[in-house]
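Open the model in a viewer and set the display to cartoon, with side chains available on request. The stops below say what to select and what to look for.

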Amino acid sequence: MKKVITLIAIFLTITAVLSCSKTNGVNGKVTIEGRWLIKKDSVTSTIGPYAHGTNYVGTAADYFDFRPDNKLYIKEGTERDTFVYTITSDTTMTFGGVGVNLNMIPLRAFMSSFTASRVTLNIVPTLWNPGGNTTRLTILTR
């Protein structure tokens, strides 16, 4: 278990250190707002020392839609979800639940490879559970 947590911590630290590309948008900065297509979405769940992962390759109908009112709408296949998001820095944002997700643990996303046409989100819970956690790596394109 310690090895898994150590590897995740190293991965998140490296991701957090990477800087964003600021090539366009408001004041020369790339904006997250708008509809992004899902190129890849992988979820890894750990329970004790064991990890299980799934990979999803998005279709043209799947999306992450970041709205100006700080709402995020996600559609993957038949699944839909809604979050409230807050940009906390050039490389991080937090997610909170709305609707049926009010009781979920808030999430933090580390943004890397952020350009006008691509962003990678490393999504982790803000509170770590020593018994197990779920992390998500999502690659979005426009």
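**Arg-136 and its partners**

Start by selecting Arg-136, which is partly exposed, with a relative accessible area of 21%. This is a predicted model, and the tour moves outward from this residue.

Now add Asp-41 to the selection. The side chains of Asp-41 and Arg-136 form a salt bridge, with N to O at 2.6 Å. Asp-41 belongs to strand β1 and Arg-136 to strand β9, so this pair ties together parts that are 95 residues apart in sequence. Is Asp-41 buried or exposed? Asp-41 counts as buried, at 3% relative accessibility.

Keep Arg-136 on screen and select Glu-76. These two side chains also meet in a salt bridge, at 3.3 Å from N to O. Here Arg-136 lies in strand β9 and Glu-76 in strand β4, so the pair ties together parts that are 60 residues apart in sequence. Glu-76 counts as buried, with a relative accessibility of 18%; the cut-off for buried is under 20%.

**The whole chain**

Zoom out and color by secondary structure. How many helices and strands does the chain have? There is 1 helix, and there are 9 strands. Following the sequence, the pattern reads α-β-β-β-β-β-β-β-β-β.

Next, color by accessibility. Of the 142 residues in the chain, 34% are buried. If you switch on the surface, about 8200 Å² of the chain is exposed, and carbon and sulfur atoms supply 60% of that area. For contacts between residues at least 6 apart in sequence, 45% join residues at least 24 apart.

**Strand β9 and its neighbors**

Select strand β9, residues 132-141, together with strand β1, residues 34-47. The two strands pair in the antiparallel sense over 10 bridges. To find one point on this pairing, select Ser-45, whose bridge partner in β9 is Thr-134. The salt bridge between Asp-41 and Arg-136 visited above links these two strands as well, since Asp-41 lies in β1 and Arg-136 in β9.

Leave β9 selected and replace β1 with β8. Which sense does the pairing of β8 and β9 take, and over how many bridges? The pairing is antiparallel, over 6 bridges. A point to pick out here is Arg-118, whose bridge partner in β9 is Thr-141.

**Asp-65 in strand β3**

Move to Asp-65, which is placed in strand β3. Asp-65 is buried, with a relative accessible area of 7%. Show residues around Asp-65, leaving out those up to four places away in sequence: Asp-65 touches Gly-34, Arg-35, Lys-71, Leu-72 and Tyr-73.

Then select Arg-67. Its side chain makes a polar contact with the side chain of Asp-65, at 2.8 Å. The two residues also form a salt bridge, with the closest N and O atoms 2.8 Å apart. Whereas Asp-65 is buried at 7%, Arg-67 counts as partly exposed at 35% relative accessibility.

Now add Arg-35 to the selection. Arg-35, Asp-65 and Arg-67 are linked in a network of salt bridges. For the structure as a whole, the number of salt bridges is 5.

**Two loop residues with positive phi**

Select Asn-70. This residue is in the loop between β3 (63-66) and β4 (71-76). Asn-70 is not a glycine, yet its phi is positive, at about 65 degrees. The relative accessible area of Asn-70 is 30%, which is partly exposed.

For the last stop, select Ser-113. Where does Ser-113 lie? Ser-113 is in the loop between β7 (107-112) and β8 (118-125). Ser-113 also has a positive phi without being a glycine, in this case of about 50 degrees. Its relative accessibility is 41%, so Ser-113 counts as partly exposed.

Methods:
Residues are numbered from 1 along each chain as its sequence is written. This is a predicted model: local features need pLDDT of at least 70, side-chain atom pairs count only at pLDDT 80 or more; totals for chains, interfaces and linings use all residues. Side-chain values use heavy atoms; hydrogens and water are left out. Helices (H or I, at least four residues) and strands (E, at least two) are DSSP runs, numbered from the N terminus. Buried means under 20% relative accessible area, exposed over 50%, partly exposed in between (1.4 Å probe, protein chains only). Contact means heavy atoms within 4.5 Å. Accessible areas come from the Shrake-Rupley method with a 1.4 Å probe; for residues, only the protein chains shown count as cover. Two strands pair if DSSP finds at least two bridges between them. A polar contact is a pair of N or O atoms within 3.5 Å; within protein, one must be able to donate a hydrogen and the other to accept it, and residues adjacent in sequence count only if both atoms are side-chain atoms. A salt bridge is a side-chain nitrogen of Lys or Arg within 4 Å of a carboxyl oxygen of Asp or Glu.
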